[in-house]
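Dear colleague,

I am handing over the structure we spoke about, and below it you will find my notes on what came out of it. Please read them with the model open beside you.

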Amino acid sequence: MYVRTYRNGQWDGTAPPKKTKAKKNGVEVTIDEPVKYKRYGCKQKEARNVTEKKCQPEKVKERLKAKEETGPSFSATAETVSAFLVLLEDATEEEIKGDLHVESVDFQIPSNVKKHTTERFKCTKRAEKPDLVLRRGLSFKICLGLDREYSKAHHDISFLFKTGEGMTRDTSIIVRMNEDKQDDDSKKGRNWHAQLVSMDGKSIMVEITIPPNVIIGHWQMSVQSFTLHKGEDTIALQYDSDQDVIFLFNPWCPEDTTYFPTSALLDEYVLNDKGAVYQGNYRQISAKPWRFGQFEEGILDICLMVLNKAFDWMISAEMADPVLISRAISSIVNNNDNYGILVGNWSGDYTGGKSPTSWTGSVKILKQYNENREPVKFGQCWVFSALVVTVCRALGLPCKSITNFASAHDSDASCTIDSVYEKDEKGELKPVEKHNTDSCWNFHVWNEVWMARKDLPPGYDGWQAIDATPQERSEGMFACGPAPIAAIKEGDCIIKYDTRFLFSEVNADRVYWEIVDGIWNKLRVARHSVGKKISTKNPNDLRSLERHDETACYKHSEGSKQERYAVMKATSSSTVKRDTAEIPQDIDFDITEIDDVLMGTDVAIKIKVKNIAESKETRTVNLEASVSAVKYNAPADPKNFIKREKFPGFSLAAGEEKVLKFVVTNKEYEHKLLEQGGMEVKAFGIVKETRKAVVEIEDFRVRRPDVAVKMGPEEAELNSKVTIKMSLKNPLSVPLTNCSYSIDSEALGDEETKTDDVPAKGEWNVTLEKTVWECPLFSFECIHVGFDCKELPNITGISNTIRIF
């Protein structure tokens, strides 16, 4: 559309504008007299955030309405500011014919997206209305088609960029085209700048520089063309493009707060659309392949919609700040506060949705959320983390998934993980449930994002932890982070956000207590049982799922002076104080590592018991060991009990060690196993001479079989056929029922299919033929396969890699 503007005979604002009185937010102020616009042509396109709000479910609209009623809405404020800038009237077609105006805009999308490293977004390759996706801090070129040749003496051009409702200082900018040399600041991308590059008949090429701190999201662009008439008004016609421009973070730009100094690693942290999340326990780590799919058609728009929703569609300068954006992402990916993407469910009952173990990629989840406008059911920590990777990488924010094994959950901000027991009538230690609100998960998965922390003192730039799994409220919301990894390592728990909670996850002391006559007596302090083998994908090999250890980034060496000082610093700032000083022990338990137990085989358990009494006296021990199936994020539940073994009244001389052994057979455990195949061994001991109690807990995991996947031929052309062979051996003595498999592939497309039951100790085999319809990243493709059933959920497989050209 065009707008005709009357400028009172003044050219480019050389004469001071007239002043007038007006009220702004209830206060009378002196402002420039509004410019008088006359509108011509089609109705102005609605702002993206306005359209998105209209499409939301009634629950969301009601919440937004209630929020607006508690105070002035952003949109109302924006409209007030906008009213100071322009007055709109209708204009006729005849009124624009005599003046310079734009007839077309060529956004030079192929060359611009290549320069901005956004060419992998499929939305930039659409045959009709492809998106222009750009990164902050860089320039882009556009070609304007005019109705006549451009005259530097009589014409001028400006560009209006606008996002959201209304026009404020943060959400709109007018950039006048410069016909002279570019200044240094605009050359370095610090300021908005429009530079005339060349003129060719009725076409001109203009290079526009985007500052490194603009708001992330959809922007509308208009072109204002000015014509100077002798003795008459200067006439301005405004061409509103129906093409949005999308601005993203730019970690390649030193001026952007997301700048990442090792640009080669951005191939992983921004551009890699495949990867893995790590599960299991610290002795038996497995990689679950995942397709993040941030470049798939429609995904960028969904991620930007989710971002707008996280800020309640109030477009402001906050949406330029990676600190606030990453915090908002940690909240909106779960659905606990604002009708976000994914519903968490750890109950084992997934009626009405999908089991968290059955997901193998983010694309299906995001598209389902966008289509239904309802939170998707269901997810657990690794699914939340994988979605965060997709959203952050789509927005240009460097991101990786992090798995912490033996991950603590501190529910009372004490920086300790407390396990509380009392003796029953038989003198045996039993947990006191009302006091056992802390827990230690086999593993927990969160994320790291990279940014400068200009809101903090120096020293806290770089990787920041955020966690979208809803655990504890932070500032009234289920959000977590960003917390600097440097602060977590040093125990600087007063540094925002949520550093204390994250510190406890990786480095809290685990304290065992016995309640006697209402008094908490310390049984044992385990200083090295939390935060093990903190893992992420190796960033130096894009196609490999090799694990990279991050433990040293989060904590100093266990038992070192630096590590103990960090713990002391963290606990000193905690709101609940616990005595974590170690106490002398009479005996020591060590449940030896149980490695590589294949499902369907028996489990041999060994417990080393040693007399370490300072008195050098003989000790008599009554020991009881129990084995239970456990969820990965919860302590053992009595209903999941598998076996108990007692070792009564054995003696140990000073310094003597004995090894106690027992076996858990496959028949005893296979029908009890839960989703992750985890089991927990608990050893309780009472020393007869001193009545001191000793507790030791260790977990292990039985290994599920993998889906064997073979893809061929080794090289394939676009539109050719590829054969996929999949097989799985059932290790159980019962059939696998309610079976289904899924395939995630960028080049071959996705598939989700129910399949036949697998007989007890039998084998499942499927052969498929698929057509190659797209060339993947770096021309190499491997597919991720998920196999799900009632008896053995969370079975995965990954194929060999083939070359596609």
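**The annotated site**

N507 lies in helix α12, which covers residues 499-507; please bear in mind, here and throughout, that this is a predicted model. The residue is buried, since its relative accessible area is 2%, and the cut-off for that word is under 20%. Apart from neighbours within four places in sequence, N507 is in contact with V530, K555, E558, E563 and V567.

Two of those contacts, E558 and E563, appear again in the UniProt record, an unreviewed entry that lists N507, D509, E558 and E563 under "binding site". These four positions span 57 residues in sequence, yet no two of their C-alpha atoms are more than 11.4 Å apart, so they gather at one spot.

D509, another of the listed positions, belongs to strand β26, which runs over residues 509-516. With a relative accessibility of 1%, D509 also counts as buried. When residues up to four places away in sequence are not counted, D509 touches C415, T416, I417, V525, A526, R527, R564, V567 and T580, and V567 is likewise a contact of N507.

**A helix pair**

Helix α7 (residues 299-310) packs against helix α9 (residues 363-372) at an angle of about 60°, and their axes are 10 Å apart. That angle makes α7 oblique to α9, and the crossing of the two is left-handed. On the α7 side the contact is made by I299, I302, C303, M305, V306 and K309, and on the α9 side by V363, L366, K367, Y369 and N370.

**Strands and sheets**

An open sheet is formed by five strands in the order β31-β37-β36-β33-β34, with mixed pairing. At its edges stand β31 (597-598) and β34 (641-652), each of which has a single partner strand, so that one side of each is left without a neighbour in the sheet. Within this sheet, β36 (residues 678-687) and β37 (residues 693-703) run antiparallel and are joined by nine bridges, and one place to look is F684, whose bridge partner in β37 is V695.

Further along the sequence, strand β41 (residues 740-744) pairs with strand β42 (residues 751-754) in the antiparallel sense over four bridges, and S742 stands opposite E752 of β42. The two strands form a hairpin with six residues between them, and in its turn G749 has a positive phi of about 90°.

With best wishes

Definitions and conventions: Residues numbered from 1 in each chain as written. Predicted model: local features only at pLDDT ≥ 70, side-chain atom pairs only at ≥ 80, totals over all residues. Heavy atoms only, no water. Pairing = 2+ DSSP bridges. UniProt positions renumbered as here; feature names shortened; annotations may be inferred. Buried < 20%, exposed > 50% of the residue type's maximum accessible area, 1.4 Å probe, protein only. Contact = heavy atoms within 4.5 Å. Axes fitted to C-alpha atoms, helices over the stretch in contact; angles between N-to-C directions. Parallel < 35°, antiparallel > 145°, perpendicular 65-115°, else oblique. Left-handed = near helix turned anticlockwise from the far one by under 90°.
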